[in-house]
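This briefing goes through the helices, sheets, cores and backbone angles of the structure shown below, grouped by topic for reading alongside the coordinates.

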Amino acid sequence: MTARAHVPLSTLGRWRIGGPADLVLTPTSTRSLGLTLVAARDLGKPVIIIGDGTNLLFADEGFRGTVIRIGPAIAAVRHSGPGRIEAEAGLWVPSFVRLAIGAGLGGVIHAIGIPGRLGGLVTMNGGSQRKGIGDHVEWVDAFDRDGVLHRLDRDQLNFGYRRSRLQDGSLVVARAGFLLPHRASEESRREAIAILAARRAKFPRIHANCGSVFVSDPALYQKIGPPGQAIELAGLKGATQGSAQFSPDHANFIVNRGGATARDVLSLITLARDRVAAMTGVAMQAEVRYVAPNGAVTAAHEIRGT
């Protein structure tokens, strides 16, 4: 485990936003993760767990507690049987997908362009094309906050669209087992290349961002389409607040044009949610999580911006 004090959260999250964290601990193995959780508990301060901060908006005031950052030191992966892969939480998601493709396995190609760590993807039941990684999770090994390791079978994980039992924060993913369907590698590679090309064509790449801000909603789809289309029809594509902007490339992305604050981002989220609700009657739900200075983690739309 390594430890650093007074670390700017803007250096840890994809949005490049956030004040200082009191302490950042980085475990160096799965066993170290359990010990790190115990050490953080014993400090008696709030604790948050992050990977690459892909889906997080950190408060401008920072965080008065301990951050445990799960990264590439916890990224072992192995084949454990026909169609089965076991992987640790710090594995880079595109690397996981490429390994599956190389092994002649499918089912997770939709995640090829998601920049983040596998533990976060499993926790959020992340994915793209309205698919989720949870469809292929067999089990998860997760530590509780006392450093005790638990194995949860699929039926204990309560996967739903962009949600799982793991989001309540009581357990921290250490590794997961996947059962994947067989699929010709060349066919999977062609699909992966097409997905990456489509993402490059329509998603912002120049400015810092966290990916999609709002979750796709069937009710919104039925009335008007995906969140990006709804935000655009509400006249907000390209709209700015401070140095934050609804991307001109894709309106469901908020980009940091340099020096944006969490307050700027929250204001845009509130504005879009209010406008779209007035237009459609559907209240969009944020996929992004806001981390308050006291460590409370909530969906960003629950923190009304001004």
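Directly after helix H8, Gly281 adopts a positive phi of about 80°. The model is a predicted one, and every value given here is computed from it. The points below begin with helix H8 and the sheet it lies across, then turn to the other helix, the cores and the remaining strands.

**Helix H8 and the sheet E4-E15-E16**

- Helix H8, residues 262-280, lies across strands E4 and E15, and it runs at about 130° to E4.
- The 19 residues of H8 reach 27 Å from the first C-alpha to the last, which is close to the 27 Å expected at 1.5 Å a residue.
- The buried residues of H8 include nonpolar side chains such as Val265, Leu266, Leu268 and Ile269, but Asp264, Ser267, Thr270 and Arg273 are buried in this helix as well.
- The sheet is open and consists of three strands in the order E4-E15-E16, with mixed pairing.
- Its edge strands are E4 (56-58) and E16 (297-299), each of which pairs on one side only.
- On average, neighbouring strands of this sheet are turned by 30° against each other, direction ignored.
- Strand E15, residues 289-291, runs antiparallel to E16 and is joined to it by three bridges, and Tyr290 has Thr298 in E16 as its bridge partner.

**Helix H1 and what covers it**

- Helix H1 comprises 14 residues, 30-43, which at 1.5 Å a residue should span 20 Å, and the C-alpha atoms at its ends are indeed 20 Å apart, so the expected and computed spans agree.
- Thr30, Ser32, Leu33, Gly34, Thr36, Leu37 and Ala40 are the buried residues of H1.
- The cover over these buried residues includes strands E2 (20-26), E3 (47-50), E5 (63-69), E7 (84-88), E8 (137-144) and E10 (171-179).
- Gly44, just after H1, takes a positive phi of about 75°.

**Nonpolar cores**

- The largest nonpolar core has 44 residues, of which Leu33, Phe96, Val97, Leu118, Val122, Val140 and Phe178 touch the most other members.
- At least two residues of this core come from each of E2, H1, E7, H2 (93-102), H3 (118-124), E8, E10 and H5 (185-202), and E10 gives the most, with six residues.
- Leaving aside neighbours within four places in sequence, Val140 is in contact with Val122, His150, Arg151, Leu152, Leu157, Val173, Arg175 and Ala176.
- A second core, separate from the largest one, holds 33 residues, among them Leu57, Ile224, Ala244 and Phe246.

**Strand E2 and its partners**

- Strand E2 is mostly covered, with five of its seven residues buried.
- E2 pairs with strand E1 (residues 2-8) in the antiparallel sense over six bridges, and Val7 stands opposite Ala21 of E2.
- E2 also runs parallel to E5, to which four bridges join it, and here Ala21 stands opposite Phe63 of E5.

**Strand E8 and its partners**

- Strand E8 is mostly covered too, since seven of its eight residues are buried.
- E8 and E10 pair in the antiparallel sense over seven bridges, with Gly177 in E10 as the bridge partner of Trp139.
- E8 and strand E9 (residues 149-153) likewise pair in the antiparallel sense, over five bridges, and Asp141 stands opposite Arg151 in E9.
- Together E8 and E9 form a hairpin with four residues between them, and in the turn Gly147 has a positive phi of about 80°.

**Positive phi outside glycine**

- Most residues other than glycine have a negative phi, and two loop residues may be read against that background.
- Asn125, in the loop between H3 and E8, has a positive phi near 50°, and Asn125 is buried with a relative accessible area of 5%.
- Arg162, located in the loop between helix H4 (154-157) and E10, has a positive phi near 55°.
- Which term applies to Arg162, buried or exposed? With a relative accessible area of 8%, Arg162 counts as buried, because the cut-off for that term is under 20%.

Key
Residues are numbered from 1 along each chain as its sequence is written. This is a predicted model: local features need pLDDT of at least 70, side-chain atom pairs count only at pLDDT 80 or more; totals for chains, interfaces and linings use all residues. Side-chain values use heavy atoms; hydrogens and water are left out. The expected span of a helix is 1.5 Å times one less than its number of residues. Buried means under 20% relative accessible area, exposed over 50%, partly exposed in between (1.4 Å probe, protein chains only). Contact means heavy atoms within 4.5 Å. A nonpolar core is a set of buried Ala, Val, Leu, Ile, Met, Phe, Trp, Tyr and Cys residues joined through side-chain atoms within 4.5 Å. Two strands pair if DSSP finds at least two bridges between them. Axes are lines fitted to C-alpha atoms, for helices over the stretch in contact, and angles run from 0 to 180 degrees between N-to-C directions.
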